[in-house]
Every structure is written in structure tokens, then in C-alpha cells.
Amino acid sequence: MDLPTLKLLAARVRGLLEQSHHRIGHNQALDLIAALPGLRNWPEVKAFPDRVAACQLDEVSATRLGTQLKYRFGLDMAAPSLLSSLLVVSTTPPFLTILDEFGYYADVPDDRLREVLREVESVPMVSYRVIEGQVFVFDKLVHDLKALSGEGPRDRLPELAAQLLPQAIVSPMEAVERWGVVPQPYERLPGAAGALTVIRHRPFNARVPGTFPTDHDVRRAFARLIVGGVQEGSGDFTYRGQPLVLCDPLDPALLPQRPVFPVVEASDTYGFTALGHIDYVPGFAPVSEATFTRIKLLEAAWRGESARSARQVYDRLAELWSLAGEFQLTSLNALPNEVPEYAREDFAELRPLYPELAMLSDGALFSMFDNYQMECCYINGWTASRDSDFLLYLLGYVAGGLGSERAKNVGEWVAAAMLDGSTFDLAKAFGLACDRYDSDIARLARRVADAMTFLASDKDATVLQGHEITTTAERFRQARSMHSGTVIFEQDVADLSATDTPRG
């Protein structure tokens, strides 16, 4: 499956809900359809293309989507019925977005030259490559080619590029100092002392020994690292001979105490995990195979328990709404007490949809619903609707003054404790403890996943080089290779009105 297909399916889900008198926005539909590949929202869909590519529209994925529809909107559809609705062929002409490719991207610097250089076999299509202790710099080749040929005849450019290639191979110091080359996978970051700089290995989240007081010191270190040299000093571990110091520990024993969820009687439910599709790769000393396995199991167990708890909460939403008076929501009345004039018509439709929130002033209800729509549904300019996730957002906000999608997650944990009989103060403490553990285990798992992904790509590398060079035209070719077609429009000046006729 791909993103265009998911967007099409999101539109069909939106139509299904409208037939059941549930009006949702475009971004809410995108978040819903993320359930097909087993993700939580649209940002995760864009962040994990491999998960999307592996997804099939079948009864398994339809069951995941059906679960969300039932929990959020009370729409109970069996997987075969939902699958049939999603696969229906619409007779309505598709909505088309038309983009003038050239007009929109014509100002991309040097894109035409980059495209020509792709045709020259001897030119490495990478930002830099180390060749016998020297460094080929792609940007220098482009610069020299422009200086010699300008935008001259296209058929001469490959020949000129081949001639200029030796001049684009420079010393490591020139590559760094004049052409701004940074050795992969390093970056420079401000150090704790403010003016000092550290050099960080991004996938390992580890720095090379020492700090660098001046730009010249940084460039000298970069020039050494770019050709495989070593920045001397002591470190926590070494990689390819380079000592490195971890910026943060990777010990799962340092995680905060894991909160214990109320007993949930539910079938197995699995949330998204950063390490779910990652295998162990040796070579990163701070993470042994045993440590990797432990972190992977801890993350999977937490996500599973959290997902099962959330499912229980959504099963008992009616009960949760009945408890709204116990949630200390009146504290939100300190927010602006007036509804903006431009929103009064929309608010007149909103207020009757939430009778359980009568304790909120008009200004507080409007402000919180508006924040919820922008922070969780990514909608600026909403339509009044009843959404149970809004109650969870309020719970999370009151629990810790949190905003964004994080507030809704905290609200789910607070709700789980409330439904288990906890007082609101204890439930708030439980929700915030879950938030701390969730953030820490997610960060730890993501760091390990980044390290393993890097090792998998780097373990067989024999050439020191930078990132691949791509062109705008290449990106368009890739886009047109997926579910694209051709539409030809013809326009005659005679069809234009007198006021639209172009003037010379």
C-alpha cells in the first residue's frame, strides 16, 4: 500500500461516517485510516513508510480500522462489510490537484546541471567521496562546470564534466573549509559550555572526545574524520577505530519504574514499536544482543499493555462521560471567558453536543475544543462535532497542563485509573507516571533502532562518502511511477475574455 491509496481510503471512511451522521475533517480521516497499517496517526504513517508498504487491505487490517470506528464513533461494522465498503468503486469523478511542475520548482539551484551529471558515468552522485586520501566534492564540480560553461549547450556538458572531474578532487581541509562538507554521519552541536562545540555521531548519539573552542578547531577535526582519521581521546567505546562517548546512557535499568495497569480482560492488542521490525546487528558495543532483546521486549510489553488499557477505556466511554463532573474541569474556566465574534455561529452548534461539560464556561469550552482540533486533529477551521477523544484531551490537559497529542495519551491513562476506581488525584499521578515511562522507553527504543539501522547499512561499506545526490526531476519521475496518468489540456486565446488576454 502507499500514501495515495491510504488517502483515497480515508476519503471513503469519511463518507461512511457521514452516512452515520458523524462529520469529521480531512485530517481526522487520515488519522483514522492510519489504523490499517497498525499505526496511531498520520504523522506515524509518513514516518514509517516500510510499515505502510507492507500493509494489505484485507480482513486483518479492516478489523483494526473497525475497532477504531467502534471505539470513537460507535459504528459497529464487521470486517467483511467494512472491507466491501472500502473496495467499492466510486462513480464520482476523483478530486484532482494540478501542479505546474516546472513553474513551481523552476528556481531549484543547479537542478539542470545535476540532472546532466547523472548521465556522466565517471561522476560519483554523492555529496563527497574519499579517493586516495583526497576528497571529491560534488558542489565544486557543479561550481566549476557553471563557471566554464554557464548554461551552455546541453550536449557539451557531459564532456566538460568529465574534463573538470579531476579538479573537483581536493584536500580534506579544502573540502571542509571552502565547500562546507561535513563527514557522515557526524554533526556539530553546541556544547554545555555554550561557546564550545561538540562533534556528534548522530545514529549512535555519541560524541567524539574533547570540545572544540573555535570554528577552525571543528574544521580540522572534520578534515581528519572525513578521510577515516581518528580524533584521539578516551571514550566509552570505539567504532571503526574512533573512540566515542555516549551523550546519554543506554541502560534499561535506568528507566523509571513501570506503572502497573489495572487488570484488563481483553484479547491481545499490539501497539506500534520502534524495534518491532528491527533485528540485532553487532558492532555497537554499548548494546549487546542481550540488552537489545531486553529493550525490545520491554517496549513491546509496554505498548501491548497500553493498547489493551486504551481499548478498555474506549469500551467504557459512556461511563467515562458520566464521571465528567469529577475531573476538576472547572480549573479550565481561568481561560478566556468569551467566544470570539467570528466563531459564535460555530460555537452555537458546539455547545449542545457536550451537555456533560456544562461546568465549562463558553470561553473555556471554545478555547479547549479549538486547541484540541489544532493540536490533535491538525485542523484550523473546524466543524462542530462530538468527539470522545476531546474528553481524553481535557483529562490530560487538567492532569498536567499538557498540550498536543500527548495530552490525549495522558488522558487515556488517567481514564483507565478512574474507571478502575481511583480518586482523580491518584489517577492524575498514574497518568503522569505512564507519560514519563512511555517517553523514556520510546526514546530508548528509538535510539537503539537508529543505531541498528545505521549498522545494517554501514557494516559492509568500503567507501567513505556522503549522502546521495538527487534532483527535482528525479523525484517527479519517482512520483509519476506510482498510480499516475496523463491529462492533456488545450487552451486557445480565443477562449479567454478580453480582460484575460495576455499582453506583451
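**Exercise 1. Determine whether R240 is buried or exposed, and describe its backbone and its place in the chain.**

Solution. R240 has a relative accessibility of 52% and therefore counts as exposed, where exposed means over 50% relative accessible area, buried under 20%, and partly exposed in between, with a 1.4 Å probe and protein chains only. This is a predicted model, in which local features need pLDDT of at least 70, side-chain atom pairs count only at pLDDT 80 or more, and totals for chains, interfaces and linings use all residues. Residues are numbered from 1 along each chain as its sequence is written, and side-chain values use heavy atoms, with hydrogens and water left out.

The next step is the backbone: R240 has a positive phi of about 50 degrees although it is not a glycine. As a general rule, most residues other than glycine have a negative phi, and most peptide bonds are trans. R240 lies in the loop between β7 and β8; helices (H or I, at least four residues) and strands (E, at least two) are DSSP runs, numbered from the N terminus.

**Exercise 2. Work out the order of the strands in the sheet of five strands, and state which strands stand at the edges.**

Solution. The sheet is open, its order is β4-β5-β6-β8-β7, and the pairing is antiparallel; two strands pair if DSSP finds at least two bridges between them. At the edges stand β4 (186-190) and β7 (237-239), each with a single partner strand, so one side of each is left without a neighbour in the sheet. At the β7 end, three bridges join β7 to β8 (residues 242-246), and the two run antiparallel. One of the pairs can be named, since the bridge partner of T238 in β8 is P243.

**Exercise 3. Describe the surroundings of H201, and identify the cis peptide bond from Q184.**

Solution. H201 is located in strand β5 (residues 197-201), where its relative accessible area of 2% makes it buried. Leaving aside residues up to four places away in sequence, H201 touches P185, Y186, A206, L244 and F454, a contact being heavy atoms within 4.5 Å. P185, one of these, belongs to the loop between α11 (172-177) and β4, and the peptide bond leading to P185 from Q184 is cis, with omega near 5 degrees.

The loop that follows in the sequence, between β5 and β6 (206-207), holds N205. The phi of N205 is near 50 degrees, a positive value in a residue other than glycine, and N205 counts as buried at 12% relative accessibility.

**Exercise 4. Analyse the sheet that contains β1, β2 and β3, beginning with the side chains of β1.**

Solution. In a regular strand the side chains alternate between the two faces of the sheet. Strand β1 (residues 128-131) shows this alternation, with Y128 and V130 pointing to one face and buried, while R129 and I131 point to the other and are not.

Next comes the pairing: β1 and β2 (residues 134-137) are antiparallel over four bridges, and I131 has Q134 as its bridge partner in β2. The two strands form a hairpin with two residues between them, and E132 in the turn has a positive phi of about 50 degrees.

The whole sheet is open and has the order β1-β2-β3, with antiparallel pairing. Its edge strands are β1 and β3 (169-170), each of which pairs on one side only. Two bridges join β2 to β3, and V135 has V170 as its bridge partner in β3.

**Exercise 5. Characterise the packing of α13 against α18 and of α1 against α2.**

Solution. Two packed helices are described by the angle between their axes and the distance between the axes. For α13 (residues 289-315) and α18 (residues 404-419), the axes come within 9 Å and cross at roughly 70 degrees; axes are lines fitted to C-alpha atoms, for helices over the stretch in contact, and angles run from 0 to 180 degrees between N-to-C directions. These two helices are therefore roughly perpendicular to each other, the range for that term being 65 to 115 degrees. Among the residues that meet are W302 and Y314 in α13 and W413 and L419 in α18.

For α1 (residues 3-19) and α2 (residues 26-33), the axes come within 8 Å and cross at roughly 110 degrees, and this pair too is roughly perpendicular. The contact includes L6, V13 and L17 of α1 and H26, L30 and I33 of α2.

Terms used. Parallel < 35°, antiparallel > 145°, perpendicular 65-115°, else oblique.
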